Amino acid sequence: MAKSQVELEQEYSANTALYKTTKEKAEKDEKQRLEARKLAQRGIGLALQLRRTYEDMSKDNPTFKEKAQWCQNQVSRWEEELSKLGSSMSGIPSTTFDDIAGLEDVKITIKNYLFALKNPEVAKRYNISTNVGMLMYGPPGTGKTLVAKAIAHELGVRFFVITPSTIFGSYVGESERNIRDIFSELRACEDGAVLLVDECESIFAKRTGDSNRAAIGVANQLLQEMNGANDGGGEKRIILGATNCPENIDEAYLRYKRFSLQFLIGMPNAEARKKVIDIGLKKLPYDEMVRDEMIRVLDESYTCADISGIIEQCAYKAMEEYRANYEMTNGKAQPVNIGVKHFREVMSTFSKSVTPEMVERYLKFRDERRNGGS
Ligand SMILES: Nc1ncnc2c1ncn2[C@@H]1O[C@H](COP(=O)(O)OP(=O)(O)OP(=O)(O)O)[C@@H](O)[C@H]1O
Ligand SMILES: [Mg+2]
């Protein structure tokens with residue numbers, strides 16, 4: 001049964017009071033810091049529940065609208081507290097699948113999967129396992145992080161990112177503790193959460209004679225935690241790995257059921273590149289001719305991130321020209337649109353982030369796996 005307004009208010013103030021005392025001790029004590037993080041998480045959960053309650057009540061009594069707004073402000077406050085306490089958590093991302101250009105096949109598979117995850121009875125009817133992990137590989141700047149954020153947005157849950165540098169610690173046991181902390185935070189998110197393990201090839205590295213023991217320990221612990229990630233029942237917890245170097249991942253991990261969905265997040269096709277150009281130019285002043293030239297020049301050797309970077313630099317060049325005019329005319333200059341000359345200037349020094357050999361490598365990796373090779 002849903003809690004009443006009074007019960008929630010009491011719980012909220014008790015949690016806030018406990019948070020304050022815990023936080024005071026957190027500076028000197030690791031355990032307390034983790035405890036404070038959990039309380040801050042809980043603060044967010046309670047503030048959101050209270051907000052829903054006040055919103056319902058405001059239908060009869062508009063004065064509750066203000067209280068609902070107050071709750072929303074509290075959520076932001078708790079989020080600030082969390083980041084001060086060193087949490088890898090961020091809010092619910094605003095990126096949607098529509099913001100992602102191209103990758104149509106990947107989006108369809110992920111949307112099917114999310115549909116099954118949100119509707120357990122459907123998953124059961126069609127015998128679809130939702131207890132899977134995803135691995136995204138491909139060149140830098142093609143949308144891996146965007147995909148992870150769009151998944152969190154679609155599920156309406158929080159987004160966490162970890163990288164080897166946030167996990168591997170310098171003293172014994174530190175990495176293990178970091179992972180435990182992250183997973184206990186994940187579990188504290190009542191509606192679920194999305195965790196992106198970025199640069200995951202260094203965690204799931206090939207095991208060689210002189211393998212990094214810390215990495216093996218961390219990988220095993222991560223897999224163990226991943227297995228338990230959905231045990232609470234009904235929550236939507238998704239763990240994704242992302243990498244630019246899939247061939248450095250140990251085959252044993254690739255075969256592991258936790259990574260049963262593997263996607264090449266590859267170079268954008270013509271339509272996708274056009275979409276990125278339009279997204280980039282949308283809010284900027286530009287001449288139509290520069291758009292045409294961009295579409296013509298930015299071919300399949302440019303990543304989405306290259307294209308958005310180029311557009312940003314073009315905007316900067318246009319602004320620079322405007323500033324010069326502005327100073328010359330004592331502020332009476334006409335605004336300067338991004339034009340072909342700015343684009344050409346930027347292109348004369350731009351270096352692409354991906355080579356044809358790299359693209360080839362990813363395709364080879366995908367094809368070998370498709371054909372069942374290793
Ligand atoms: N498919 C895409 N559609 C639209 N914009 C994109 C796409 N891919 C990349 N971008 C642009 O490039 C930026 C970087 O993308 P993102 O962080 O998702 O790349 P990534 O694949 O995670 O790269 P890395 O491997 O370096 O982590 C985005 O913020 C966006 O501006
Ligand atoms: Mg990324």
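The paragraphs below walk through the fold, the ligand surroundings, the nonpolar cores and two backbone details of this predicted model.

Residues are numbered from 1 along each chain as its sequence is written, while chains are lettered from A and ligands numbered from 1 in the order in which they are written. Because the model is predicted, local features need pLDDT of at least 70 and side-chain atom pairs count only at pLDDT 80 or more, whereas totals for chains, interfaces and linings use all residues.

The protein contains 15 helices and 6 strands; these are DSSP runs, with helices being H or I of at least four residues and strands E of at least two, numbered from the N terminus. Its C-alpha trace spans about 65 × 60 × 50 Å along the principal axes. Three domains are assigned, namely domain 1 (5-86), domain 2 (97-267) and domain 3 (270-353), with bounds taken from an automatic or database domain assignment. Between the C-alpha centres of domain 1 and domain 3 there are 44 Å.

Turning to the ligand, 17 residues surround ligand 1, and Pro-140, Gly-143, Thr-145, Cys-304 and Ala-305 come nearest; a residue is counted as near if its C-beta atom, placed from the backbone, lies within 6 Å of the molecule. Two or more residues of this shell are given by each of α6 (144-155) and α13 (304-328). Domain 2 and domain 3 each supply at least three residues to the shell.

The protein interior comes next. Of the 374 residues, 33% are buried, meaning that 20 or more other C-beta atoms lie within 10 Å of their own (12 or fewer is exposed, in between is partly exposed; C-beta atoms are placed from the backbone). The largest nonpolar core has 65 residues, of which Met-136, Val-147, Ile-151, Val-194 and Leu-240 touch the most other members. Such a core is a set of buried Ala, Val, Leu, Ile, Met, Phe, Trp, Tyr and Cys residues joined through C-beta atoms within 7 Å. Helix α6 provides the largest share of this core, 7 residues, and at least three residues come from each of domain 2 and domain 3. A second, separate core of 14 residues includes Ala-26, Ala-40, Ile-44 and Trp-78.

Finally, two residues other than glycine have a positive phi: Leu-103, near 55°, and Glu-199, near 50°. Leu-103 sits in the loop between β1 (89-90) and α4 (104-118) and is buried, with 26 other C-beta atoms within 10 Å. Glu-199 lies in the loop between β4 (192-197) and α9 (213-228) and is partly exposed, with 15 such atoms within 10 Å.
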